[in-house]
Amino acid sequence: MTTIYLIRHAEAEGNVFRRLQGHYNAMITPNGRKQIAALQRRFEDVPIDAVYASDLSRTCCTAGAIHIPKNLPLNKDRRFRELYCGCWENLPFGWLDRSDPERNRAFTRRPRDWHVEGSERFADYTGRFLEAMGEAARRHDGQTVAIFSHGMVMRGVLQTLFFPDKDNLGHSENTAVTKLIYENGKYTLEYLNDDSHIPHEISTLGRQEWWRGGDHRDFNMWYRDPAPEDTDLLRELNVKGQIVRISMIIDRPTGAVALELLPGERALLQGLAILPAYRDRELSEQLLGEAVSLARAAGKRLLTVERLPDDPAVRRLLADYGISVRGMPLVPAADLIEYDRRTE
């Protein structure tokens, strides 16, 4: 008999930047680090014999909540990765809401039916995960294993094992824990997606509406290049730069972000602003996500500013993400992939 804890990664960039992560190597957010600390406290007195994770930085970092304090090696296996989203990788949810709403609904509500160009199908990504989990369960017979993975792939696996007639199993909180027992080739479900260790103030789903179903929706943005008619908008926002993107909700402009690609490894965040009517809706993080995505796509490793902006809300956002004159790392380094003990 093998005891298995399936654990979703902590809050990562895509969860708050509102972008589809898939195999895109997003990093843990500042709030996600608080979730990791809460997860570590939950497992302090729980015996664990082995720790596995997908090879993406958001799971490896989260796995540090267990493998580092318990002095265990981290076994990385790409078969525990999230489903590969093909041509949808790293696209903003606002773009999917606008351009492909039917398949976007299927992605969250009918995953067995969802497919886009280049993506994995349900049977493929659940099959690779089940293969890897079965190997780990047999390898650690009589022991307890923690497996760190991703929301959609684990949801598909749990549907396959325990809820074959259910289209929508629902969504789990970041760092939610599911407990399984493996014996004689069969799995038993002890409990599902328990997030009792996460207080409301650091909950990801607690700040979002999309997962509630029905008419509940979040303000998901998409981005476009400026047009001649945007001159007054950009003047009002006081945003200009080498690369400028206008943020949109459906067909309404909401703000803008500007970026300059500097020689070497740095990108400069030149401007980030939201129109007054759209403030206090946590949209600035989505704008920052567009800047991060553009800088990474250009091969930059640091996102910097020349000086801190006057807007207190933007100053707090940049401080949360460590963006300063020195720069926010855009490529996970070894010391960022592992759990940061400073969150304790």
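A disulfide is counted here where two cysteine sulfur atoms lie within 2.5 Å of each other, and in this predicted model that rule yields a count of 0 disulfides. Two cysteines show how the criterion fails to be met. The sulfur of Cys85 has its closest cysteine sulfur in Cys87, at 9.4 Å, which is too far for a bond, and Cys85 itself counts as buried, with a relative accessibility of 1%. For Cys60, the closest cysteine sulfur belongs to Cys61, its neighbour in the numbering, yet the two sulfur atoms are 8.7 Å apart, again too far for a bond. Cys60 is likewise buried, at a relative accessible area of 1%.

Cys60 leads on to Ser54, since it is one of the residues in contact with that serine beyond the neighbours within four places in sequence. Ser54 sits in the loop that connects strand S2, residues 50-53, with helix H3, residues 57-67, and its relative accessible area of 0% places it among buried residues. The side chain of Ser54 makes a polar contact of 2.6 Å with the side chain of Thr59. Further contacts of Ser54 include Asp77, Phe80 and Arg81, as well as Phe148 and His150.

The strand that precedes this loop is paired on two counts. S2 runs parallel to strand S4, residues 144-149, to which 4 bridges join it, and within that pairing Ala50 has Val145 as its bridge partner. S2 also runs parallel to strand S3, residues 74-76, through 3 bridges, with Val51 standing opposite Leu74. The side chains of S2 are divided between two directions, Ala50 and Tyr52 pointing one way and Val51 and Ala53 the other, and all four of these residues are buried. Taken with the helix that follows, S2, H3 and S3 form a β-α-β unit of right-handed sense.

A separate element to follow is helix H9, which covers residues 284-297 and comprises 14 residues. From its first C-alpha to its last, H9 reaches 20 Å, close to the 20 Å expected at 1.5 Å a residue. Where does H9 stand with respect to the rest of the structure? Because 11 of its 14 residues are buried, H9 is largely enclosed by the rest of the structure. The buried residues include Leu287, Leu288 and Val292, but also Glu285, Gln286, Glu290 and Arg296. Following H9 comes Gly299, which has a positive phi, near 85°.

Conventions:
Predicted model: local features only at pLDDT ≥ 70, side-chain atom pairs only at ≥ 80, totals over all residues. Heavy atoms only, no water. Expected span 1.5 Å × (residues − 1). Buried < 20%, exposed > 50% of the residue type's maximum accessible area, 1.4 Å probe, protein only. Polar contact = N/O pair within 3.5 Å; in protein donor to acceptor, adjacent residues only side chain to side chain. Contact = heavy atoms within 4.5 Å. Pairing = 2+ DSSP bridges. Right-handed = clockwise from strand over helix to strand, strands pointing away.
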